[in-house]
Amino acid sequence: MSSKATAQPLSLKVASSAFLAFWCLIAAFPIAWIAVMSVKSPRDAFAASAWDVITGPATRASGNGLSVIDIALGLVVLFFAVRWAFTRLPGLVERFTPPGLIALGWIIGAAAYGLLFVLIFFGVLPYVSGALNSILGPLGTPIIGLTTEHYVAVWGENQFYRNFMNSMIVTAGVVTVSLTVGTLAGYGLARSGSNLAFWLLIVALVFRALPHSVLVAGYLPWFINSAEILRPILGDLAPTLYGQPWAIIAVLVAINQPFTIWMLRSFFQNIPSELDEAARVDGCSHFQAFRRVIMPVMWPGVITTGLFSFLLGYNDFLVTALLLDAQNQTMVPAIAGYFNRETTTTDQVEAVAAAVSITAPLFLLVMVFQRQIVSGLTAGAVKG
């Protein structure tokens, strides 16, 4: 009886499935389209015909393209890479990670898996497909134009790897500081029954609602004059924070910290306080109960909150563009720098290739941590 009462009508199932498919198509189309553009010559990338953009006749005519063998091998490698990321990688991480270091194990596992994929897909696969193309005749003839020269120009000639390293420094700092302060503050506020905790959360929410430009304007004079301010303490070693990644980390943490406190507090509220009391009875201090009992249960919530903190630092444009100098620019402002009055079509395709490059770590993170993200979001949605 209950199953019949909760069963959806066929029309509703069809409508919801159609809407979901349409939404996925709309959401994925820009990423898929710029990925196609990034591996074409400028003439094909900006062709008026969509078919020319996809097939790349000018790119193929220049001797760069994919055969049926190349496409088949590439799809097979991608299929198994995605499948093993969801099935085998979680088991390997849990098997070889010591107790209490699961977060570090996931970070190392994700990095190693991504590096292995890059080596196989871009290092081993071209040699295998090249050898097969030479002996399989028509099946080895290019049918779709493809070139990686724009990626070589971006990462080699334009030294985009420097911007990538700067982004990693900024995001690592933002995630580390935000989660460290957020877990301690969220735990304390979740276990506190005083009115002060409520008003602290309201103040945090007000700060989160402020425009980012307000915080930048408030920090800017201090960063510019940091050498003079710190000289009485550090002497000639006093640094100028303006233009340095540490300044960006401070501003982005100030922007992100209220969000992490609110989100982690909701996760801590879902953990019964009886666990704390049992740990205290067993002789743990408050901090030991937090570290040894509560945190192992909290990892899905911490990983979910850490992903959102990562996205803030990784995708930020306004703060990094205003406070970083040219040598320390992160990836997003660096891509914007490709577009100016003297921009050529080649520069535009290189900008597209750089944009595609910065999405790869995001896909890897979601694939590797998808179980923890889903678990964390559902846990945080129960109570807050």
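The following paragraphs describe the overall architecture of a predicted protein model and then turn to two local features of its loops and surface.

In the predicted model, the secondary structure of the protein amounts to 19 helices and 2 strands, and the C-alpha trace extends over about 75 × 75 × 45 Å along its principal axes. Of the 384 residues in the protein, 36% are buried. When contacts between residues at least 6 apart in sequence are considered, 77% of them join residues at least 24 apart. The protein exposes a surface of about 22,000 Å², of which 71% is supplied by carbon and sulfur atoms. As for charge, the protein carries 19 positive and 17 negative charges, and the mean positions of these two groups are 13 Å apart.

On the surface, a nonpolar patch is formed by Val68, Ile135, Leu136, Leu139 and Ile143, which together have about 430 Å² of accessible area. One of these residues, Leu139, is located in the loop that runs between helix H7 (102–133) and strand S2 (144–145). Leu139 has a relative accessible area of 44% and is therefore classed as partly exposed, given that this class lies between the limits of 20% and 50%.

A second loop residue, Gln159, is found between helix H8 (149–157) and helix H9 (160–191). The phi angle of Gln159 is near 55°, which is a positive value in a residue other than glycine. With a relative accessibility of 33%, Gln159 likewise counts as partly exposed.

Key. Residues numbered from 1 in each chain as written. Predicted model: local features only at pLDDT ≥ 70, side-chain atom pairs only at ≥ 80, totals over all residues. Heavy atoms only, no water. Patch = residues over 30% accessible without salt bridge, like charges linked within 9 Å, V, L, I, M, F, W, Y side chains within 5 Å. Areas by Shrake-Rupley, 256 points an atom, 1.4 Å probe, with all protein chains shown as cover. Salt bridge = Lys/Arg side-chain N within 4 Å of Asp/Glu carboxyl O. Helix = DSSP H or I, 4+ residues; strand = E, 2+ residues; numbered from the N terminus. Buried < 20%, exposed > 50% of the residue type's maximum accessible area, 1.4 Å probe, protein only. Contact = heavy atoms within 4.5 Å. Lys, Arg positive; Asp, Glu negative; His and termini not counted. Charge placed at Lys NZ, Arg CZ, Asp CG, Glu CD.
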